[in-house]
Amino acid sequence: MLDKALTSVSKLESAYLAWKALPLASRKQTITRIQEKLLAHTEEYASAITTDMNKPLAQSIAEVKKCATLCSYYLNHIDEFLRPQPLQSNWSESYVRLDPLGVLLAVMPWNFPFWQVFRVAIPNLLLGNVLAVKHASNVPTAAALLDEIFQDETLGFPIYKNLPLASQHVEAIIAHPAIKGVTLTGSEPAGRSVAQCAGKYLKKSVLELGGSAAFIICEDADLNKAVATAVNARMQNAGQSCIAGKRILVQQSIAKAFIAAFTEKVKALKQGDKYDLTTEIGAMAREDLAIEIEEMVAQSLSEGATLLCGGKRTGAFYEPTVLTDVTPTMRVFKEETFGPVAVITTFQDFEEAIALSNQSDFGLGVTIFSQNVAFIKSQAPRFDEGAVYINEMLISDPHLPFGGIKNSGYGRELSHFGVLEFANIKTVVVK
Ligand code: NAP
């Protein structure tokens, strides 16, 4: 397996030279063909995602469509992003141009098996880089399909190779001289390991790791909107999203009303057959992940949390669960709860909300619901996060940079920032 993967990387090395030599217009044609496949086979691809990791089909369809939207975004903006930028200096002419680096390794997670790959692949392919992808072991069907989708027969060479490898072989790939950069989306331990290898072999790295985002509801918030958004932010994809609202912080004065309305909506979520388009919440991706969530909840209950609904597991299915009376010392507050468990803590005033929000090793983003938008905007610098969303759940959107600080990683994806990470930012000077 490893030998085959190393050979694939060597093939990509020569393909890279041909790919980067193509005019941007030709690279755009390839991306357009990839986008056409997404639109023509949406249901087929979505069904592969659902089969691999249990995401309800409607959400898998939305994921595939979002990848097509991302293609449109970069197709529309890449000329502008790659246009050389003149800079003032003491020379007669100076400017900056963006050139590709070469073959990149992308180590990808299973929770959004298509979206995570596309948001790395599209900007980098348009820039002129090519990709070797080590996908998560539990999404083999999606990984193989992605390999097919990214082949463009008209080129005569590959620009993307799926490497079906175990994670212990990642170091050998990073060490390959053709690999010029590595990006990992995944857990903190995997991030530490990949960053260590990237340092050892002096390769540029980007890490998109876990999160434990606070979802803050102030007493002046529009309660109905806050409740509906919080349910979606926490329970989407059975809670298996890095940007899920994992710690709900609600102001004491409205806590009773919020908790009652929120719990009622969580109980009403439609469970059932993952291929039924009306199903809203399904099983988790694997039974071991559900067992881990079960253990975290049990420990937090023994530490004094209160269970309002859910709390039972059947195989990989974990009931949508609401816990209140959660304090910062409890496991469900301190660690990333990567499952359908809403964790509710109360605060007295906004100062306490900021302190609780920042009391996390992660720093991916925060949501704040309040009608006093001017005040909340003025407080944005005080949040140790990669993103502050006001009256909206955290969402990854092609127009906006996405990434974290602290143990949520480093570097950015999406928008023009996503093109810069693996670009050679080249200075050109004329005397
Ligand atoms: P994971 O267990 O870390 O796996 C992610 C990828 O890394 C998989 O391909 C995995 O391969 C590989 N991997 C695991 N350990 C490794 C190691 N020591 N060296 C090299 N590669 C290794 O994470 P996951 O369970 O798939 O995904 C969930 C995590 O991803 C959560 O923490 C979530 O918050 C985070 N995430 C972050 C973002 C973001 O943008 N910030 C987005 C989505 C998810 P195997 O499958 O073969 O083990």
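The following exchange concerns a predicted model with a ligand and a small set of its strands.

Q: Which residues come nearest to the ligand?
A: Of the 29 residues around the ligand, the nearest are Arg-119, Ser-137, Ser-187, Leu-209 and Glu-336.

Q: What lies 2.7 Å from a polar side-chain atom of Arg-119?
A: That atom of Arg-119 has an oxygen atom of the ligand at 2.7 Å. For Ser-137, an N or O atom of the side chain is 2.4 Å from a ligand oxygen atom. Ser-193 places a polar side-chain atom 3.3 Å from a nitrogen atom of the ligand.

Q: And how much of the ligand does the protein bury?
A: The protein buries 86% of the 900 Å² that the ligand exposes when taken alone. The ligand takes up the space of the largest pocket.

Q: Which helix gives the most to the shell around the ligand?
A: Helix 8 does, with 3 residues. Helix 5 (115–127), strand 6 (179–185) and helix 8 (188–200) each contribute at least two shell residues.

Q: How do the shell residues divide?
A: There are 14 nonpolar, 11 polar and 4 charged residues in the shell around the ligand.

Q: Changing topic, what is the strand order in the open sheet of 3 strands?
A: The order is 1-2-20, and the pairing is antiparallel.

Q: Why is one side of strand 1 and of strand 20 left without a neighbour?
A: Strand 1 (85–86) and strand 20 (423–430) stand at the edges of the sheet, and each has a single partner strand, so one side of each lacks a neighbour there.

Q: Over how many bridges do strand 1 and strand 2 pair?
A: Strand 1 pairs with strand 2 (residues 93–100) over 2 bridges, in the antiparallel sense. Pro-86 has Tyr-95 in strand 2 as its bridge partner.

Definitions and conventions. Residues numbered from 1 in each chain as written. Predicted model: local features only at pLDDT ≥ 70, side-chain atom pairs only at ≥ 80, totals over all residues. Heavy atoms only, no water. Near = heavy atom within 4 Å. Polar contact = N/O pair within 3.5 Å; in protein donor to acceptor, adjacent residues only side chain to side chain. Areas by Shrake-Rupley, 256 points an atom, 1.4 Å probe, with all protein chains shown as cover. 1 Å grid on protein atoms, 1.4 Å probe; cavity = no way out; pocket = protein on both sides within 12 Å on 5 of 7 lines; lining within 4 Å. Sits in = over half its atoms within 2 Å of the grid points. Helix = DSSP H or I, 4+ residues; strand = E, 2+ residues; numbered from the N terminus. Nonpolar A, V, L, I, M, F, W, Y, C, P; charged D, E, K, R; others polar. Pairing = 2+ DSSP bridges.
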